[in-house]
Amino acid sequence: MRVGVVTFPGSNCDYDLYKAAQQVGADVEFIWHRQKSLDGYDVVMLPGGFSYGDYLRAGAIARISPVMEDIVGFAENGGPVLGICNGFQILCEAGLLPGALIRNVSLRFESRDVHMLVEQTETPFTSEYQKGQILRIPIAHGEGNYEADGQLLEQLEAEGRIVFRYVNRGGEMTEEANPNGSRNSIAGLTNESGNVLGMMPHPERAMEEILGSVDGMGVFLSLAANLSTVVL
Amino acid sequence: MEILVKPRPGLLDPEGKAIHHALRSLGWTDISDVRVGKAIYIDLEAEDSVTALETTEAMCRKILANPVTEDFEVSVVGDTERITA
């Protein structure tokens, strides 16, 4: 599996993503935001951070970077694209995912572990998880409050595109367990064809027992299982 | 050009809510709602005001406002002489 991790000015989770993909046996390269070709990559990952200082709106300026045009083409041709945190915000701004991410209801930057439920396992990003599995994954964001109108939410629910939802330790969807006020407790969702996933929690920060959780590894193992010829 | 970008009606505006609480705690108790947007000022050369408005609206649709969460208003302000000249 050949993975490209895009670095924008202000990305700060690009090395974590690089390491996470490498950990499951991937051949990883950084893609500078000015690069124009994505030839040869099996997966493209957009990392967390504060691209362009989050000026205007989080992700609004990154999405007009030269590399984004190719990422849109790559995604439209069925190439898997994973956007985490700021990467999720960029995917929404680029129109690859519907809806928008606005300021957390708490008005605070929320940096802590949360629990989330794996609701959809029929994606290249989650096939190695069990449906209904509860993961403990860190979040670190100020604008992760997923906003969409009622019609879009109904469509997302009906089409099974909500992949991860914030829940409490027992797996229940409650207001207290929702760290940012996201509609329908949405923590991650896919595009219509299922090859673009955006999520606010950071699976790449949950890859080592010593750091508290290995629950994020399933995302990378799933991609490796679906795209790799390398025996893990 | 002056561009006002405003949170769409009905959309939760946590920043407006926080300011609302602050104003209330300072004694202004008769406020029913506070909403926070942003103002963007652009110096632009154009044939006339209509063209300037059209160009600025195109900018809003393309990048300055997010249609999912924001509405915008555009007007010509300041030294319009230079714009119509």
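Author: Two strands are said to pair if DSSP finds at least two bridges between them. The strands (E, at least two residues) and helices (H or I, at least four) are themselves DSSP runs, numbered from the N terminus. The model is predicted, so that local features need pLDDT of at least 70 and side-chain atom pairs count only at pLDDT 80 or more, whereas totals for chains, interfaces and linings use all residues. Residues are numbered from 1 along each chain as its sequence is written, and chains are lettered from A and ligands numbered from 1 in the order in which they are written.

Reader: What is the order of the strands in the open sheet of chain A?

Author: The pairing in this open sheet of chain A is mixed, and nine strands take part. Their order is E2-E1-E3-E4-E11-E10-E9-E6-E7.

Reader: Which strands of chain A stand at the edges of that sheet?

Author: An edge strand here has a single partner strand, so one of its sides is left without a neighbour in the sheet. In chain A this holds for strand E2 (27–32) and strand E7 (134–141).

Reader: By how many degrees are neighbouring strands of this sheet turned against each other on average?

Author: Axes are lines fitted to C-alpha atoms, for helices over the stretch in contact, and angles run from 0 to 180 degrees between N-to-C directions. For the sheet of chain A, the average over neighbouring strands, with direction ignored, is 25 degrees.

Reader: Which residue of E10(A) is the bridge partner of A:Phe164?

Author: Strand E9 (residues 162–167) and strand E10 (residues 186–190) of chain A run antiparallel and are joined by three bridges. One of the bridge partnerships links A:Arg165 with A:Ile186 of E10(A). For A:Phe164, the partner in E10(A) is A:Gly188.

Reader: Which residue of E11(A) stands opposite A:Gly188?

Author: E10(A) is joined to E11(A) by three bridges, and the two strands run antiparallel. The hairpin that they form has five residues between the strands, and A:Gly194 takes a positive phi near 80 degrees there. Opposite A:Gly188, in E11(A), stands A:Met199.

Reader: How many of the residues of E10(A) are buried?

Author: A residue is buried if 20 or more other C-beta atoms lie within 10 Å of its own, exposed if 12 or fewer, and partly exposed in between, with C-beta atoms placed from the backbone. E10(A) has five residues and is largely enclosed by the rest of the structure, because the number buried is five.

Reader: Which strands of chain A does helix H3 touch as it packs on the sheet?

Author: Two residues are in contact if their C-beta atoms, placed from the backbone, lie within 7 Å. Eight of the eight residues of H3(A) are buried, so the helix is largely enclosed by the rest of the structure. Helix H3 (residues 86–93) of chain A has a direction that makes about 120 degrees with that of E4(A). On the sheet, H3(A) touches strand E3 (43–46), strand E4 (81–84) and strand E11 (196–199).

Reader: Is A:Cys85 buried or exposed?

Author: A:Cys85 is located in the loop between E4 and H3 of chain A and has a positive phi of about 60 degrees although it is not a glycine. Because there are 29 C-beta neighbours inside 10 Å, A:Cys85 counts as buried.

Reader: In which loop is A:Asp54 found?

Author: A:Asp54 is not a glycine, yet its phi is positive, at about 60 degrees. It counts as partly exposed, because 18 C-beta neighbours lie inside 10 Å. A:Asp54 belongs to the loop of chain A between E3 and helix H2 (66–76).

Reader: Which residue of E3(B) is the bridge partner of B:Val5?

Author: Chain B has an open sheet of three strands in the order E2-E1-E3, with antiparallel pairing. Within this sheet, six bridges join strand E1 (residues 2–7) of chain B to E3(B). The partner of B:Val5 in E3(B) is B:Phe72.

Reader: How far apart in space are B:Val76 and B:Met1, C-alpha to C-alpha?

Author: B:Val76 is part of the loop between strand E3 (70–75) and helix H3 (80–84) of chain B. In sequence, B:Val76 and B:Met1 are 75 residues apart. Their C-alpha to C-alpha distance in space is 4.7 Å.

Reader: Which helix of chain B gives the most to the side that touches chain A?

Author: Nine residues of chain B are in contact with eleven residues of chain A. The greatest contribution on the side of chain B, three residues, comes from helix H1 (residues 14–25).
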